[in-house]
Amino acid sequence: MNGKLWNKLKGITSLYQNDEEEIKELLLGRTIEKVNDNTLKLDNGLILEIQPNQGCCCGAGDYDITELNECLNVITNVELVEENINNSDGWSDEYSYKIFVYAEDKKIKLLQVDGDDGNGYYGTGYEIVIKKIEEVEK
């Protein structure tokens with residue numbers, strides 16, 4: 001882990017779906033020891049809390065975690081995928097954000113977050129809040 005990312009990790013920090021290099025660096029060489037609700041526990045003591053974007057009460061910008069998995073083998077590659085699934089009504093766009101990891105020659109879907117941007121004013125995707133295990137146990 002380079003110094004830039006390590007400095008960010010001294011406190012709670014956040015990464016977003018477009019922070020591809022930082023997410024890759026965070027996961028490469030790690031294993032996912034435990035999945036619990038919306039969190040992943042890494043073998044280095046970091047907890048990754050996945051927070052889907054919450055838009056407005058009309059549903060615009062609302063996202064949900066549709067898949068979250070563990071990876072007990074060492075992650076050797078990370079791939080972030082964004083799919084735009086155009087809605088037939090022409091008013092909004094649905095998106096699917098995925099993180100795939102590779103371990104022992106297998107491609108594993110670690111995370112999938114799906115939702116609808118609506119009119120585009122309420123955000124998109126997800127946030128990964130990074131915490132050290134000691135901070136979570138306090």
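**Notebook: a sheet, a helix and one serine**

I began with a pair of strands: E3 (residues 39-42) and E4 (residues 46-52) run antiparallel and share three bridges. Strands here are DSSP runs of E with at least two residues, and helices are runs of H or I with at least four, numbered from the N terminus. Two strands count as paired if DSSP finds at least two bridges between them. I picked out one bridge: Lys41 is partnered with Ile47 in E4.

The model is predicted, so I note that local features need pLDDT of at least 70, side-chain atom pairs need 80 or more, and totals for chains, interfaces and linings use all residues. Residues are numbered from 1 along each chain as its sequence is written, and side-chain values use heavy atoms, without hydrogens or water.

Next I traced the whole sheet. It is open, has five strands and follows the order E1-E9-E4-E3-E2, with antiparallel pairing. Which strands stand at the edges? They are E1 (13-16) and E2 (32-36); each has a single partner strand, so one side of each lacks a neighbour in the sheet. From one strand to the next, the twist averages 25°.

Then I looked up Ser96, which sits in strand E7 (residues 93-103). Is Ser96 buried or exposed? Its relative accessibility is 4%, so it counts as buried (under 20% relative accessible area; exposed is over 50%, partly exposed in between; 1.4 Å probe, protein chains only). I also listed what Ser96 touches (heavy atoms within 4.5 Å). Leaving out residues up to four places away in sequence, its contacts include Val81, Ile85, Gln112 and Asp114.

How values were computed
Axes fitted to C-alpha atoms, helices over the stretch in contact; angles between N-to-C directions.
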